[in-house]
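Colleague: Got a minute to walk me through this one? I'd like the fold, the core and any charged pairs.

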Amino acid sequence: MQNIGFLNDIQSIGDNATRFKALVALRKLYPQSKIIFFGRRYFMDMFFYSEVVDAFVAIDELVGGGGVK
């Protein structure tokens, strides 16, 4: 099993929808991998609660300490 980190600092919802398609493609290519998404907290529902992302790290909270869910 390998870990795949996906950094996303985009703030628009349309661009994030495109990123979601890329994550679906990654999941299909590497079904046994662990996909870790690094992004803004307000997009957590869109990515983390899907079956595509295994872990979510809120990058806007990393500066303040913590943020891993």
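Modeller: Sure, here is a quick tour, starting with the fold.
This is a predicted model, so to speak for local features we need pLDDT of at least 70, side-chain atom pairs count only at pLDDT 80 or more, and totals for chains, interfaces and linings use all residues. Residues are numbered from 1 along each chain as its sequence is written, and side-chain values use heavy atoms, with hydrogens and water left out.

Colleague: OK, how many helices and strands are there?

Modeller: Three helices and three strands, in the order β-α-β-α-β-α along the sequence. These are DSSP runs numbered from the N terminus: helices are H or I, at least four residues, and strands are E, at least two.

Colleague: And what share of the residues is buried?

Modeller: 36% of the 69 residues. Buried means under 20% relative accessible area, exposed over 50%, partly exposed in between (1.4 Å probe, protein chains only).

Colleague: Which residues touch the most other members of the largest nonpolar core?

Modeller: Leu 23, Leu 26, Phe 37, Phe 47 and Phe 56, out of 13 residues in that core. Two or more residues each come from β1 (3-7), α1 (13-29), β2 (34-39), α2 (44-47) and β3 (55-58). A nonpolar core here is a set of buried Ala, Val, Leu, Ile, Met, Phe, Trp, Tyr and Cys residues joined through side-chain atoms within 4.5 Å.

Colleague: What is Leu 26 in contact with?

Modeller: Ile 4, Phe 6 and Ile 35, leaving aside neighbours within four places in sequence. Contact means heavy atoms within 4.5 Å.

Colleague: Switching to charges: how many salt bridges does the structure hold?

Modeller: One. Arg 27 pairs with Asp 54, and their closest N and O atoms are 2.7 Å apart. Arg 27 sits in helix α1 and Asp 54 in the loop between α2 and β3, 27 residues apart, so the pair links distant parts of the chain. The cut-off is a side-chain nitrogen of Lys or Arg within 4 Å of a carboxyl oxygen of Asp or Glu.

Colleague: Is Arg 27 buried or exposed?

Modeller: Arg 27 counts as buried because its relative accessibility is 16%. Asp 54, at 38%, counts as partly exposed.

Colleague: What else touches that pair? I was looking at Ser 33.

Modeller: Ser 33 touches both Arg 27 and Asp 54, along with Met 1, Gln 2 and Ile 4, not counting residues up to four places away in sequence. Ser 33 lies in the loop between α1 and β2, and at 6% relative accessibility Ser 33 counts as buried.

Colleague: Where does the backbone oxygen of Tyr 30 lie?

Modeller: 2.7 Å from a polar atom of the Ser 33 side chain.

Notes. A polar contact is a pair of N or O atoms within 3.5 Å; within protein, one must be able to donate a hydrogen and the other to accept it, and residues adjacent in sequence count only if both atoms are side-chain atoms.
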